[in-house]
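Here is a quick tour of one protein model, written for someone who likes to check contacts and angles by eye. Have your viewer open and follow along.

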Amino acid sequence: MGDARNPCALVVMGVSGSGKSTIADKLAARLGCRYEDGDKFHPPSNVAKMSAGHPLTDEDRWPWLQAIADEIDRACGAGERAVIACSALKRAYRDILVHGRNDVRIVFLKGTQELIASRLAARKGHFMPPGLLDSQFKTLEPPRVEEHPVTVSINASVETIVDDAIRQLRLSPVDRGAPRRNHS
C-alpha cells in the first residue's frame with residue numbers, strides 16, 4: 001500500500017522536549033505539506049492527567065493514537081500530504097499509526113536525556129512537566145530497522161536537523177510538491 005519514496009505522511013517522533021513540533025512544522029513548510037501537532041488529538045482527560053504530572057497508560061493512549069491514524073488515513077486518501085508531530089514512543093504505538101502503510105514514514109528525533117532535560121527546563125507553557133522525562137525515556141523503544149525510520153540527531157540547529165531528515169528521506173524536488181510531468 002502506497003510508496004515509501006513518496007510518503008503521504010511523515011510522523012516526527014521522540015520524547016517530550018526533543019523538538020517534535022518545531023521540526024515537524026519546519027519540515028512540513030520545506031516540503032509544502034500540512035503540519036499537524038499530534039497533541040491536539042489528545043482528549044481533555046489525557047491533557048489533564050499529564051498536566052497533573054501523571055504519565056499516560058496505554059489505555060489512555062489508544063484512542064489518541066487511533067485519532068491520529070484516522071487523520072493520516074483521511075489525509076492520504078484525499079491526496080493530501082501531512083507531517084505530524086507525535087511522541088510514538090513504543091513500536092505498538094507506531095504500528096497503530098502506520099498500520100502496514102508503505103507511504104507513512106517515521107522520523108525519529110534522537111537526543112540524550114541530559115540535552116532534552118536542559119531544553120525542558122527552559123520551556124514555558126507546555127503541559128509536559130520535566131519530571132515526566134524519566135518516564136518517557138523508560139517507555140521509549142527506538143524504531144528498529146524494519147520500521148524504515150529516518151533517525152536524526154537533535155544536537156544541531158533546526159535547519160540542520162530538517163536538512164538531515166530530507167536528505168535521509170531522499171525526497172526529490174518532485175516529492176517536495178513540484179508539479180508532476182509525464183514523460184512519454
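The notes below go through the sheet, the cysteines, the core and a few helices.

## The sheet

Keep in mind that this is a predicted model. At its heart for our purposes is an open sheet: five strands in the order 2-3-1-4-5, paired in parallel. Strand 2 (34–37) and strand 5 (150–153) are the edge strands; each has a single partner, so one side of each has no neighbour in the sheet. Going from one strand to the next, the twist averages 20°.

Have a look at the pairing of strand 4 (residues 104–110) with strand 5, which is parallel and runs over four bridges. One residue pair to pick out here is Lys110 and its bridge partner in strand 5, Ser153.

The loop between helix 6 (133–139) and strand 5 holds Glu147. Is this glutamate buried or exposed? Glu147 is buried, at a relative accessible area of 14%, which is under the 20% cut-off. Beyond its close sequence neighbours (those within four places), Glu147 is in contact with two arginines, Arg91 and Arg94, and with Pro142.

## The cysteines

Searching the whole structure turns up one disulfide. Its partners are Cys8 and Cys76, with sulfur atoms 1.8 Å apart. The link is right-handed, with 85° about the S-S bond. Cys8 sits in the segment before strand 1 (9–13) and Cys76 in helix 3 (residues 58–77), so the bond ties together parts 68 residues apart in sequence. Both ends are buried: Cys8 has a relative accessibility of 8%, and Cys76 has a relative accessible area of 13%.

What about Cys33? Cys33 is in no disulfide, and the nearest cysteine sulfur, which belongs to Cys8, is 9.6 Å away. Cys33 is buried too, with a relative accessible area of 16%.

## The core

In soluble globular proteins, nonpolar side chains tend to be buried together. Here the largest nonpolar core has 47 residues, and the ones with the most contacts inside it are Leu27, Ile72 and Cys86.

Cys86 is a good place to zoom in, since its relative accessible area is just 1%, so it counts as buried. Not counting residues up to four places away in sequence, Cys86 touches a list of residues that includes Val11, Val12, Met13 and Gly14. Trp64, Leu65, Ile68 and Leu97 are also among the residues that Cys86 touches.

## Helix 4 and helix 7

Ile96 belongs to helix 4 (residues 91–98). At 22% relative accessibility, Ile96 counts as partly exposed. Setting aside neighbours within four places in sequence, Ile96 is in contact with Trp62, Leu65, Gln66 and Ala69. If you want a C-alpha distance to check, Ile96 and Ile68 are 9.0 Å apart, with their positions 28 residues apart along the chain.

How does the length of helix 7 (residues 158–169) agree with what its twelve residues should span? At 1.5 Å a residue, helix 7 should span 16 Å, and its end C-alpha atoms are 17 Å apart, which agrees. The buried residues of helix 7 are Ile161, Val162, Asp164, Ala165, Ile166 and Leu169. An aspartate, Asp164, is thus one of them. These buried residues pack against strand 1, helix 1 (20–31), strand 4 and strand 5, which brings us back to the sheet. Right after helix 7 comes Arg170, with a positive phi near 55°.

Definitions and conventions: Residues numbered from 1 in each chain as written. Predicted model: local features only at pLDDT ≥ 70, side-chain atom pairs only at ≥ 80, totals over all residues. Heavy atoms only, no water. Pairing = 2+ DSSP bridges. Helix = DSSP H or I, 4+ residues; strand = E, 2+ residues; numbered from the N terminus. Axes fitted to C-alpha atoms, helices over the stretch in contact; angles between N-to-C directions. Buried < 20%, exposed > 50% of the residue type's maximum accessible area, 1.4 Å probe, protein only. Contact = heavy atoms within 4.5 Å. Disulfide = S-S within 2.5 Å. Core = buried A, V, L, I, M, F, W, Y, C linked by side-chain atoms within 4.5 Å. Expected span 1.5 Å × (residues − 1).
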